[in-house]
Amino acid sequence: MDFKFDIEKNMEKVRCLETFIEKNRQVPGVLIPVLQEAQGLFGYLAREVMEIIARGLDVPVSKVFGVATYYTQFTFMPKGENDISICLGTACYVKGAQEILEEVQNILGIKDGETTPDLKFSITSTRCVGDCSLAPVVLVNDDIYPNVNKKEVKDIIAKYKVEVECYDHL
Amino acid sequence: MITYEKLVQMSLEQRAILEERLLKEDKIEIKDGFIVLKGDYYKEQIRIALKNCGIIDPGNIEEYIALDGYKSLARALIEETPIKIIEQISESNLRGRGGAGFPTGRKWNEAYKTLSDQKYFICNADEGDPGAFMDRSILENDPHSVLEGMAIGGYAIGSNQGYIYVRAEYPMAVKKLRIAIKQAKEYGLLGDNILGTGFNFDIELRLGSGAFVCGEGTALIESIEGKRGMPRNKKARTSHKGLYQQPTILNNVETIACVPVILQRGTEWFKNIGTEKSTGTKVFALVGKVEKAGLVEVPMGMPLRNIINDIGGGVQDGKALKAVQTGGPSGGCIPVSLMDTPVDFESLDKIGSIIGSGGMVVMDENTCMVDIARFFLEFTVDESCGKCTPCRVGNKRMLEILTMITNGTAELHHIEDLKEIAEVIAETSLCGLGQTAPNPVLSTLNYFYDEYLTHVKDKKCPAGVCQALITYSIDEKCIGCTKCVKVCPTSCISGNKKEQHEIDQNLCVVCGACFEICPVSAIRKG
Ligand SMILES: Cc1cc2nc3c(=O)[nH]c(=O)nc-3n(C[C@H](O)[C@H](O)[C@H](O)COP(=O)(O)O)c2cc1C
Ligand code: SF4
Ligand code: SF4
Ligand code: SF4
Ligand code: FES
C-alpha cells in the first residue's frame, strides 16, 4: 500500500521537528533521539521527514536511513488509528499468543505489520511488553488486555470499531 | 542543599510516617526492623534488589529516604575513598545480574585504574529477554535505588556522567525515572556538588529503539553514539575504551540496585545469603504455565523445584510439569528430572542452561519442545545484527531445519546437521547473541531427543502443537450430538445422530473447531 506524505498539511509538526533539531544538534549521538522525536510527531518516518533530519543534522541521508532501518521501533508506514500489538514474548507464546495473533489477522484481514486500507487498524507484534505475569497480553493503543483468550479477541476489536463509528458520525 | 545530618533526620521522620501509612494498608509486616511485604508468596523470598518494590511510592523521594535511601551514597562520599568502595563490592562477590555473571568489583577496578579525564557509567536497562521484567519493576517501583547505585559507581570509578539506556517498550519506566532524576537533583543528591562534597554526577536517559542486540555492551555503546547498534570487534575492554573511546562501566539494573544495600548492610551480611560462588539473591520472572506468576527474589542456590512449587504454587490447572526454560534466547530447557538443581551461576551452567537475566518460563505437557526451540531460533534470526556470518547465516539454516521438523518434512540426518551447525555458530560468532543462540536447540536435543525423533520419524507432535503434524479423531466417548458437524468448515464429519461420528482425514483441514465445541471431549488431538 502506498501512503503519500503531505508536507504542507504537516508544516506545523515539521517546524516542531526543526526546532528540536536546532536545539539539540550539538548533543553527541543525537540522531536516534531525533528519529524518536520525529516518529512521535508524525507517527512514522516518511522519506521526506528523514531528508529533513539529514539536512538539519548535516549528515548524509544514507546515514539516517541506515540507522532508522536498523531499529525495529521505527516504522515507515503510518499506523492505523488503533494499533493492536500482540505480545509474542516467551511467556505469552507458551500461553497461546500465536493463536491470538492469527485470530486478529483473520478478523481484520491484514497481516502482522500491516495497516487496514481505511487506516483504522494496524497489527504490530511485539516481543514482551514487560507484563509477562499477565500473559498472554494484547495492547490496543495504550489499553492493556491481560490473560486474553482467543474467544475474547472479537469483543476487544469490536470496542474500537464502535468508537471509530461514533467518531465518524460527529 | 541537603547535608548528611539532614538526610539522617529526614529518614527518621519519614520512616514513621511511611510505617503508619503501610500498617494502615495492612500490606506489610516488620521483621527485624525491616519492612517486608506480607503473605505466603513472600515468605520464602529475600528481597534486596526488590526491597522497596510495592512498599514505597516511587514518585516520592522522601519515602525512599525513609528506608535508608541515599545513606550509602552519602557515607561513601563523606567517609570512604573510591578504592574502599570497590574493595567492598569485590569483597561481597557481587556478580553481574545482566547475564554473564562477571564480578562487579573487578570490572569497576579496571575502570578505576584507567586514567582519563572523562569516564562513563552506564546502566543497562534494555531488558531484552522476552519473558523477563524484573528490571522494569525496579525502574518503575524503585527508581532511586538505581540512581543511588549509579552515583556510587560513578564515584568509585571516577566518572561524573551516567547514562541509563532504557528499552523503548517501557514508557512508564522512562516517566518514573525522569521524575526521580528531577527530585534527586532538587535534593542535591544528583547533579553538581552532591551533598556539598564537591562530587558531581549527572544522569542522562537514552531510549532504545527495539533491537535486542543493543543489550550487548558494545552494541549499546554504539547505539548511544547514535549509530546502528552493532557489537564491536573486541580489541579493547569497555572498562578501558568504551563510550566515545573512554573508560566505561556498564552494569545491569538489578546489579546496580544491589549496590546501595550491600554498602548499607555490609559485605558479610550479603555473603551469608546465597552460595559461596554466587552470593546474594537473584530476581526471577516466574511465568508461563505456573499457578502464581510474578517476580520472585530468592537466595542463590535455591532448588528449581522450591521456586516453582513452594512459591509459584506449581503448574497451572493441575497439569504435569515438563520443563523450565531459563536464560531466555541464550538459555536452555531444563527437564523435570533435574528440578532439584540449585539455581546459581555454576549449577545451571553445568546442565546446559544459564541464569541469564532471570527469565523462568514454566512449561507443561502441552508445550512442544521442538516448537520452543524453533520459537527461540526465530527470535535470534530476527534479532541477529548480521555483522558476522556464522550467526547471520548459520542461525537461518538452523531455523530452516527446525521448521522442517515441525512441519514433518525433515529426515533423520537433519538432526545431526543441527548439532553440527550449532557447534560452529557457538564457537565462531562475534558476540554473545550468536555464541549462545544454539543453546535452546542443544538443550532440547539433549533432554528431549525422543520428541525430536517422534516428529521426524513418526511425523507426530506429542504435545499437539505443530499444526502440520496434528490429526483429529473421534473416540467412543462420542454421543452423536452433531455439534461438531455444524462447525466443521469442510463438512468432513459424518455419522448418524446419537451414534459415534467419524472424521474424513483427507478433507480435514485441522482447524480445531470440532475439538473446541465437543461437549464430552470425544475428539482427540495428536
Ligand atoms: C545479545 C545480548 C543481549 C543482552 N541483553 C542484556 C540486557 O537486556 N540487559 C542487561 O543488563 N544485559 C544484557 N546483556 C549482557 C551485557 O552484555 C552485559 O554483560 C551486562 O549488561 C553487564 O552488566 P552486569 O555485569 O551488571 O550484568 C546482553 C548480552 C548479549 C550478548
Ligand atoms: S553474533 Fe550475531 S548479533 Fe553478534 S555480531 Fe555476529 S551477527 Fe551480530
Ligand atoms: S478439525 Fe476442523 S476440518 Fe477437521 S474435522 Fe474438525 S472441524 Fe472439520
Ligand atoms: S461434538 Fe463430540 S459428541 Fe458431538 S458428535 Fe461431535 S464428537 Fe460426537
Ligand atoms: S512475554 Fe508477553 S509480556 Fe512478557
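Student: Which residues come nearest to ligand 3, and what makes a residue count as near?

Tutor: A residue is near a molecule if one of its heavy atoms lies within 4 Å of it. Around ligand 3 there are 13 residues, and Cys488(B), Cys508(B), Cys511(B), Gly512(B) and Cys514(B) come nearest. This is a predicted model, in which local features need pLDDT of at least 70 and side-chain atom pairs count only at pLDDT 80 or more, while totals for chains, interfaces and linings use all residues. Residues are numbered from 1 along each chain as its sequence is written, chains are lettered from A and ligands numbered from 1 in the order in which they are written, and side-chain values use heavy atoms, with hydrogens and water left out.

Student: How do the residues of the shell around ligand 3 divide into nonpolar, polar and charged?

Tutor: Ala, Val, Leu, Ile, Met, Phe, Trp, Tyr, Cys and Pro count as nonpolar, Asp, Glu, Lys and Arg as charged, and the others, Gly among them, as polar. By that rule the shell of ligand 3 has eleven nonpolar, two polar and no charged residues. For ligand 2 the division is eight nonpolar, four polar and one charged. The closest residues to ligand 2 are Cys385(B), Lys387(B), Cys388(B), Cys391(B) and Cys431(B).

Student: What makes Lys150(A) and Glu516(B) a salt bridge?

Tutor: The term requires a side-chain nitrogen of Lys or Arg within 4 Å of a carboxyl oxygen of Asp or Glu. The closest N and O atoms of Lys150(A) and Glu516(B) are 3.8 Å apart, so the pair meets the rule. Across the interface of chain A and chain B, the rule finds three salt bridges.

Student: How many residues of chain A and chain B are in contact, and what area is buried between them?

Tutor: Contact means heavy atoms within 4.5 Å, and 31 residues of chain A are in contact with 46 residues of chain B. Buried area is the accessible area (1.4 Å probe) that two parts lose on being put together, summed over both. Between chain A and chain B this comes to about 3,100 Å², with 54% given by carbon and sulfur atoms. In chain A, Tyr70(A), Thr90(A) and Arg127(A) lose the most area to chain B.
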